[in-house]
Amino acid sequence: MRSPRAARRAAVPIGLLVLAGCAGIAPVPYLTENDFATIQPGMTQAEVIARFGRPTWSFGVWQEHLTIMNYRYSHSACTIYQVSVRPDGTVRDAGPAWDPACDGPSRDH
């Protein structure tokens with residue numbers, strides 16, 4: 001049988017993990033293309049992140065002054081969901097796209 005002191009020491013790390021989980025953005029459950037299809041033009045970038053979490057990766061498109069947020073949600077279908085965000089922080093458009101990770105190494109050498 002554990003002593004009360006040992007039980008308190010074991011409870012501290014668990015309590016810290018619970019508090020750490022509450023401090024950040026909540027984990028996003030398994031998402032599908034239907035979930036992402038709810039993203040509409042005019043939504044804010046903050047609304048998208050609040051609902052779906054941080055993107056898997058993002059990048060800027062200089063010519064169009066956009067930020068592209070990519071969400072990988074299906075590793076087997078080679079599909080990502082791509083969200084284009086204007087400089088004012090609103091969604092321009094969103095939709096499924098080919099996952100570049102599925103391209104593999106180039107054979108052109």
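Strand 2 and strand 3 pair in the antiparallel sense, over 7 bridges. The model is predicted. Strand 3 also pairs with strand 4, again in the antiparallel sense and over 7 bridges. A search of the whole structure finds 5 aromatic pairs, and two of the pairs that involve Phe36 are described below.

**Strand 2 and strand 3**

- Strand 2 covers residues 66-74, and strand 3 covers residues 79-85.
- The two strands form a hairpin with 4 residues between them.
- Cys78 lies in the turn of this hairpin and has a positive phi of about 55 degrees.
- Asn70 has Gln82 in strand 3 as its bridge partner.

**Strand 3 and its surroundings**

- Of the 7 residues of strand 3, 6 are buried, so this strand is largely enclosed by the rest of the structure.
- In a regular strand the side chains alternate between the two faces of the sheet.

**Strand 3 and strand 4**

- Strand 4 covers residues 91-98 and pairs with strand 3.
- Strand 3 and strand 4 form a hairpin that has 5 residues between the strands.
- Gly89 in this hairpin takes a positive phi near 90 degrees.
- Opposite Ser84 stands Asp93, which belongs to strand 4.

**Phe36 and Tyr71**

- Across the whole structure, the search for aromatic pairs gives 5.
- One of them joins Phe36 and Tyr71, with 5.3 Å from centre to centre and 40 degrees between the planes, and it is tilted.
- This pair links distant parts of the chain: Phe36 is in helix 2 (residues 33-36), Tyr71 is in strand 2, and the two are 35 residues apart.
- Phe36 has a relative accessibility of 1%, so it counts as buried, because the cut-off for buried is under 20%.
- Tyr71 is also buried, at a relative accessible area of 3%.

**Phe36 and Tyr73**

- The ring centres of Phe36 and Tyr73 are 5.4 Å apart and their planes stand at 45 degrees, so this pair is tilted.
- The angle of 45 degrees is neither under 30 degrees, which would count as stacked, nor over 60, which would count as edge-to-face.
- This pair, too, links distant parts of the chain, with Phe36 in helix 2 and Tyr73 in strand 2, 37 residues apart.
- Both Phe36 and Tyr73 are buried.

**The aromatic cluster**

- Phe36, Tyr71 and Tyr73 belong to one aromatic cluster, together with Phe52 and Tyr81.

Note on methods
Residues numbered from 1 in each chain as written. Predicted model: local features only at pLDDT ≥ 70, side-chain atom pairs only at ≥ 80, totals over all residues. Heavy atoms only, no water. Phe/Tyr/Trp six-rings, centres within 6.5 Å; stacked < 30°, edge-to-face > 60°. Buried < 20%, exposed > 50% of the residue type's maximum accessible area, 1.4 Å probe, protein only. Pairing = 2+ DSSP bridges.
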